[in-house]
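Student: I would like to go through this structure term by term, asking each time what justifies the word that is used. Could we begin with a single residue and then move on to the whole chain?

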Amino acid sequence: MLIAERPSLVRRLARLLGSEPAAEDLTQNLYFKVQRVEDDPPILNKRAFLHRLATNLAMDWLRAEKRNYALFDVIAPVPDVACEAPLADRQMLDREQLERLLAGVEELTPRCRQVFLMRKFEELPVNEISRRLGITRSMVARHMDNALRHLLARIQETDE
């Protein structure tokens, strides 16, 4: 009986639910429910019984959907936006480059490293670095030039 009524049940459920896939799922659930129904006393109008059972399942499904929407309504939907995080291989390459940069900073002479860190990390002006270290402005510039050349070469190295 259920197989013969399946197309009309799916149409009815799709109309009630507004979703063909949900109607298909509920029709499948209806099949499992009917398997557990005992025919004692005998069901006189099996077609009406199937349609009433399908309608009840649809109402339960709609109530559950309403509860789900109420639970998750406070969360604004996230628009479909591509993730801006770099791909894993890009992250790995960036990490390797950073490791080479840090190793390069350690390879600088102590004075060159000190000038580089004061200028790039502490963001001190050249005049202040010159005053603190007791060196000329041109010497600060020379240390920065040496540091940047060395670090650029270190970053551009490839693993061989």
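**From value to term**

Tutor: F49 is found in helix α3, which covers residues 46–72; helices (H or I, at least four residues) and strands (E, at least two) are DSSP runs, numbered from the N terminus. This is a predicted model, in which local features need pLDDT of at least 70 and side-chain atom pairs count only at pLDDT 80 or more, whereas totals for chains, interfaces and linings use all residues. Residues are numbered from 1 along each chain as its sequence is written, and side-chain values use heavy atoms, with hydrogens and water left out.

Student: Why is F49 called partly exposed?

Tutor: Its relative accessible area is 30%, and the scale calls a residue buried under 20%, exposed over 50% and partly exposed in between (1.4 Å probe, protein chains only). The value of 30% falls in between, so F49 is partly exposed. Leaving out residues up to four places away in sequence, F49 touches V37 and I43, where contact means heavy atoms within 4.5 Å. The C-alpha atoms of F49 and A70 are 32 Å apart in space, with their positions 21 residues apart in sequence.

Student: What makes L17 count as buried?

Tutor: L17 has a relative accessibility of 10%, which is under the limit for that word, and therefore L17 counts as buried. This residue lies in helix α1 (residues 2–17) and, not counting residues up to four places away in sequence, touches A22, A23, L26, A58, W61 and L62. One of these partners, A58, is 41 residues from L17 in sequence, while the C-alpha atoms of the pair are 6.8 Å apart.

Student: How do you know that E5 is buried?

Tutor: The relative accessible area of E5 is 11%, and because this too is under the limit, E5 is buried. E5 has its place in helix α1 and, aside from neighbours within four places in sequence, is in contact with R47, L50 and H51. The C-alpha atoms of E5 and L50 lie 8.3 Å apart, although the two residues are 45 apart in sequence.

Student: Why do E123 and G134 count as exposed?

Tutor: The relative accessible area of E123 is 65% and that of G134 is 64%; both values are over the upper limit, so the word applies to each residue. E123 is found in the loop between α5 and α6 (126–133), and G134 in the loop between α6 and α7. From G134 to V37, 97 residues away along the chain, the C-alpha separation is 95 Å.

Student: What is the phi of E123?

Tutor: Phi is near 55° there, a positive value in a residue other than glycine. Most residues other than glycine have a negative phi.

Student: Why are α5 and α7 called roughly perpendicular?

Tutor: Helix α5 (residues 110–120) and helix α7 (residues 137–156) pack at an angle of about 90°, with their axes 9 Å apart. Axes are lines fitted to C-alpha atoms, for helices over the stretch in contact, and angles run from 0 to 180 degrees between N-to-C directions. On this scale angles under 35 degrees count as roughly parallel, over 145 as roughly antiparallel, 65 to 115 as roughly perpendicular and the rest as oblique, so the angle makes α5 roughly perpendicular to α7. The contact residues include R111, V115 and F116 of α5 and H143, M144 and L151 of α7.

Student: How do you know that the protein chain differs from a compact globule?

Tutor: A compact globule of 160 residues would have a radius of gyration near 15 Å, but the protein chain has 36 Å; the radius is taken over C-alpha atoms, and the globule rule is 2.2 Å times the number of residues to the power 0.38. Along its principal axes the C-alpha trace spans about 105 × 40 × 25 Å. The chain has seven helices and zero strands, and buried residues make up 24% of its 160 residues.
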